[in-house]
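Work through the exercises below with the sequence and the model in view, and try each task before reading its solution.

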Amino acid sequence: MRVAIASGKGGTGKTTVSVNLADLLARHRPVVLADLDVEEPNSGLFVQAETVHEEAVHRMVPSWVADQCTFCGVCQEVCQFNALIETGSEVMVFRELCHSCYACSELCPVEALPMTPMKIGDLSHRRSGSLDLVQGCLDIGQEQAVPLIAHTLDYLGARFSKDTLILCDAPPGTACSMIEAVKDADFVLLVTEPTPFGLHDLKLAVETVRGLGRPCAVVINRHGLGNADVEAYCRQEGIPVAARLPHSREAAQCYARGQLIHPHVPEVAAQLEAVAGFIQRIEQEGAA
Amino acid sequence: MKEIVVISGKGGTGKTSISASFSLLGGEDVITADCDVDAADLHLLLAPDFDHAEDFYSGLLARIDPSRCDECGICAQVCRFDAVHVVDGHHHIRELDCEGCGYCARVCPQRAVQLQERKVGQWYRSRLRTGGTMVHARLDIGAENSGKLVAKVKQEAREAAREQGREWILVDGAPGIGCPVMSSLSGADAVVFVTEPTVSGFHDLRRVYDLVRRFDMATACIVNKADLNPEMTRSVHAFLQEAGIRHLADLPYDEAFTEAMVEGCTVVEKEGTPLARALEESWTRLRTLLGTERTGDHP
C-alpha cells in the first residue's frame with residue numbers, strides 16, 4: 001500500500017511525520033520511506049542507513065547531428081516548448097526547456113535529432129533494519145522535478161511488492177510535482193498546522209486530493225497553536241483527523257538537531273502511534 | 001527601480017510573514033509581488049482588494065473529438081506521458097497527464113486531436129491598506145508550475161512600479177530550487193534568505209544558495225527561530241560569512257508570528273515589540289545595502 005504524506009503549505013511537518021512514522025512502524029514490520037520532495041529532500045537527514053543502491057537519473061533530450069541536418073525546420077515547428085531554434089546554419093537545443101516528448105526527434109525526416117540522456121538528479125536507496133529509504137535528489141539548475149519523481153516511483157514499483165507499506169514524503173503545494181507524487185497513492189495523509197496559512201493551503205490540498213479521487217485524512221501538527229478553524233473545517237467536510245501532534249518547543253528542538261522526536265517527547269510519540277494505528281487499520285480494510 | 005526577492009528553500013521558515021512585514025514597512029513606496037503562486041498566502045496578511053483579475057493561459061491541452069476519431073491508437077503510441085486512455089473502446093486524453101506537446105495532434109490521420117490554450121491560473125492587481133500596490137496570482141490545482149505565471153506576476157509588478165514611479169519591488173519568492181524559484185530570481189537586485197537553524201533549514205539554505213550564486217545579485221539573510229538551536233545558528237553565521245551573505249538579523253522563536261497571522265496582520269503592526277524593531281532594522285539595512293552596493297542590471 002502506498003501512502004502519500006502531503007501538505008499544501010511547506011514547513012507544516014510533513015517530513016517530521018514521515019520520518020518518525022516510518023521509524024515507529026519499522027520497529028514491528030518492513031516499511032519503505034520514499035522522499036519525493038526532490039527539490040529539497042530532507043528525510044535522509046534523519047535516518048542513518050547503509051547504501052543499497054545508487055544511480056544517476058537521466059531524462060532524454062534531443063542532440064543535434066550537424067552532418068545529417070537539412071535545415072527543413074520541422075523540429076522547430078513541432079516543438080511547443082521553444083526548446084529548438086533553427087537558425088539556418090545551426091539547430092540550437094535548449095535542453096532545460098525540453099519536455100522529452102520525442103516529437104522533434106521522431107518527426108525529423110533525416111534522423112538528425114537523436115534522443116540522448118541528460119542527467120537530472122540522483123536516486124539513492126538505503127536500508128536500516130526493516131526500514132528502506134529511497135530518495136530522489138534534483139540537481140541544482142534543473143527546473144523540472146516531475147521526471148525525477150516519476151522515475152523514483154518506477155523504481156519503487158519495480159523493487160517492492162504491492163503489499164509493501166510505502167510512505168511517500170510528497171512535495172509541498174498543489175502543482176504538477178505534488179500531483180505526480182499523490183495521483184496513484186492508495187491513501188493521502190495531509191499534514192497541516194492550525195493557523196490561517198495552514199488552513200488556507202489545506203483546503204487547496206483537500207480539493208486536489210478529492211479531484212484525484214484519493215481518500216485522505218488530516219494530521220494536525222503544532223496542535224494548541226493558532227486557532228480551532230482547521231478542526232472546524234475537517235468536521236464540516238467530514239475529513240477524519242488521524243492525530244493531533246501537540247505544539248512543543250522540545251519537539252521543534254529535536255527536529256532542529258536532526259533527531260527523531262518520538263524517542264524524546266512522549267506526548268508527540270503517543271500521537272504518532274495513533275497515526276501508525278490509523279494507517280494499519282486502513283491497510284487491513286484495504287486487504288479485506 | 002530595485003527588486004528584492006525573499007526566498008527560503010525550505011517551507012515554514014517565516015518567509016511570507018517577513019515579506020508581509022517588509023511590505024508594510026515599505027508602505028506605498030513598495031510594489032509587492034507574491035511569486036509563491038502555488039501556495040500563495042501573503043494575501044492572508046496583507047488583505048489585498050483583488051481589484052483587477054485576469055485569467056492566465058500557458059501551454060496547450062490536447063482533446064480528442066470523438067466524432068472524428070476512428071480509434072486507430074496512433075496518438076497513444078506516440079504519447080510519452082501516458083495521457084491517452086481507452087475507456088469503453090474510445091480514446092480520450094487524461095488532462096492531468098497531458099504535457100501539451102502536440103505530438104498526437106500532429107500525427108493523427110483523422111485530425112481528431114485539437115489543441116486548446118490551457119488556463120493555468122489567475123493573476124490580480126490589488127490595493128493594500130498601506131496605499132501600495134500588490135500583484136499576486138493563484139495557480140490552478142494540478143497546473144504545471146513552469147515559472148511562467150511567476151514571470152507574469154513580476155512583469156506586472158515592474159509595469160506598476162514604472163507607471164507609479166515606485167522605487168522598490170518586493171517579491172515573496174517560491175520555495176524549492178526548480179523553475180518557479182528561478183523565475184522569482186530572474187532580474188532581481190537582491191535576495192533575502194529566510195532560514196532557520198534546523199538540519200533541514202540549513203541544508204535547504206545551502207542548496208538554494210548554490211542556485212542564487214549563478215545570478216548576479218546582492219545577498220542577505222535573516223535567521224528566524226535562532227534560539228531554537230544556538231549551536232546551529234553559529235554554523236549558519238559562519239556559512240553566511242564565508243559565502244559573503246550579509247547577515248541582517250537573528251529573530252527569536254516567537255509565537256507572535258502565529259498570533260499576528262490569526263489576526264490577519266503582520267508582526268510589525270504590533271509596534272514596539274522586539275520582533276517589530278528587529279524587522280524595522282532589517283528593512284532599513286536592506287535598503288542601505290542596496291543603495292550602496294553594485295547590483296545586477298535590469299533587462
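Three exercises follow, on the domains and a pocket, on the contact between chains, and on salt bridges.

This is a predicted model, in which local features need pLDDT of at least 70 and side-chain atom pairs count only at pLDDT 80 or more, while totals for chains, interfaces and linings use all residues. Residues are numbered from 1 along each chain as its sequence is written, chains are lettered from A and ligands numbered from 1 in the order in which they are written, and side-chain values use heavy atoms, with hydrogens and water left out.

**Exercise 1.** Find out where the second largest pocket lies with respect to the domains of chain B.

Solution. Begin with the domain assignment (bounds come from an automatic or database assignment), which divides chain B into domain 1 (2–47 + 128–292) and domain 2 (59–119); their centres, taken over C-alpha atoms, are separated by 41 Å. Next, list the lining of the second largest pocket, which consists of B:Leu61, B:Glu95, B:Leu96, B:Arg118, B:Lys119, B:Val120, B:Asp140, B:Ile141, B:Gly142 and B:Ala143. (On a 1 Å grid over the protein atoms alone, a pocket is an open set of points where a 1.4 Å probe fits, with protein on both sides within 12 Å along at least five of seven lines, and lining residues have an atom within 4 Å of a point.) Both domains of chain B give residues to this lining, so the pocket lies between them.

**Exercise 2.** Describe the contact between chain B and chain A, by residues and by buried area.

Solution. Count the residues: with contact meaning heavy atoms within 4.5 Å, chain B gives 62 residues and chain A gives 57 residues. Then take the buried area (the accessible area, with a 1.4 Å probe, that two parts lose on being put together, summed over both), which is about 4,900 Å², with 60% from carbon and sulfur atoms. On the side of chain B, the residues that lose the most area to chain A are B:Tyr103, B:Ile141 and B:Arg207, together 12% of what that side buries.

**Exercise 3.** How many salt bridges are there between chain B and chain A, and how many over all chains?

Solution. A salt bridge is a side-chain nitrogen of Lys or Arg within 4 Å of a carboxyl oxygen of Asp or Glu. Between chain B and chain A the count is five, including the pair A:Glu40 and B:Arg207 at 3.4 Å, N to O. Over all chains, the search finds 32 salt bridges.
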